[in-house]
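Me: I am new to this structure and would like a close look at its salt bridges. Could you set the scene first and then walk me through them?

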Amino acid sequence: MESYPRQCAYNGQTFTEDIGNALEKADLITVGNPAPNQSIASPLAIAGNAVGGWYFEAVFPVKLFDASNNLLAEDNAQALSDWTTDSFVPFSATLNFSPQPASSTGTLILYKSNMSGLPANDDQLTIPVTF
């Protein structure tokens, strides 16, 4: 079936590709690299756009986990232009991590900066990846 995320139907069942929560967060943050389920290696260059409210002092946290939820790498994404806006602002980040078993999976998470610490202000974009 032609759709995003990709879907297929077999024997009366529909199967949908896991793309994380990219569609739900598209009005707040988008990532051009890596795409959901993309095969990645270190160093991983991350690029996209986030609304100004996603940042605090022009940065927000980015973490990479393996399939067992072990933290492989973390850093801050940096705004590439003025982040004090309601509009989308480009960002970039680079994560360095140890080689992982071929075809294993993980999750890249881009966290909204939440200096208040209040759970109501938490938000994140999750992107499934393959190593």
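Reply: Read from start to end, the protein follows the pattern β-β-β-β-β-β-β-β-β, with 0 helices and 9 strands. Here helices (H or I, at least four residues) and strands (E, at least two) are DSSP runs, numbered from the N terminus. Do keep in mind that this is a predicted model, where local features need pLDDT of at least 70 and side-chain atom pairs count only at pLDDT 80 or more, while totals for chains, interfaces and linings use all residues. Residues are numbered from 1 along each chain as its sequence is written, and side-chain values use heavy atoms, with hydrogens and water left out.

Now to the charges. The protein has 4 positive and 13 negative side chains; Lys and Arg count as positive and Asp and Glu as negative, with His and the chain ends not counted. The centres of the two sets lie 3 Å apart, taking the place of a charge as NZ of Lys, CZ of Arg, CG of Asp or CD of Glu. Side chains of opposite charge can pair when their charged atoms come close. A search of the whole structure finds 2 salt bridges, each being a side-chain nitrogen of Lys or Arg within 4 Å of a carboxyl oxygen of Asp or Glu.

Let us begin with Asp123 and Lys25, whose side chains meet in a salt bridge at 2.6 Å, N to O. Asp123 sits in the loop between β8 (105–111) and β9 (124–130), and Lys25 in the loop between β2 (13–16) and β3 (29–33), so this pair ties together parts that are 98 residues apart in sequence. Both Asp123 and Lys25 are buried, where buried means under 20% relative accessible area, exposed over 50%, and partly exposed in between (1.4 Å probe, protein chains only).

The other pair is Glu74 with Lys63, whose side chains meet at 4.0 Å, N to O. This salt bridge links strand β6 (residues 71–79), which holds Glu74, to strand β5 (residues 59–66), which holds Lys63, and the two residues are 11 apart. Lys63 counts as partly exposed because its relative accessibility is 26%.

A few other residues help to fill in the surroundings. In strand β9 you will find Thr126, which is buried, with a relative accessible area of 18%. Not counting residues up to four places away in sequence, Thr126 touches Ile19, Gly20, Asn21, Thr107, Leu108 and Ile109; contact means heavy atoms within 4.5 Å. Strand β7 (residues 88–95) contains Ser92, a partly exposed residue at 29% relative accessibility. Leaving aside neighbours within four places in sequence, the contacts of Ser92 include Ile46 and Asn76. Ser92 and Ile46 are 46 residues apart in sequence, yet their C-alpha atoms are 5.4 Å apart in space. By contrast, Gly12, in the loop between β1 (7–10) and β2, is exposed, with a relative accessible area of 85%. From Gly12 to Asn69, 57 residues along the chain, the C-alpha atoms are separated by 33 Å.

Finally, step back to the whole. Buried residues make up 34% of the 131 residues in the protein. Among contacts between residues at least 6 apart in sequence, 58% join residues at least 24 apart. The C-alpha atoms fill a box of roughly 50 × 30 × 25 Å, taken along the principal axes.
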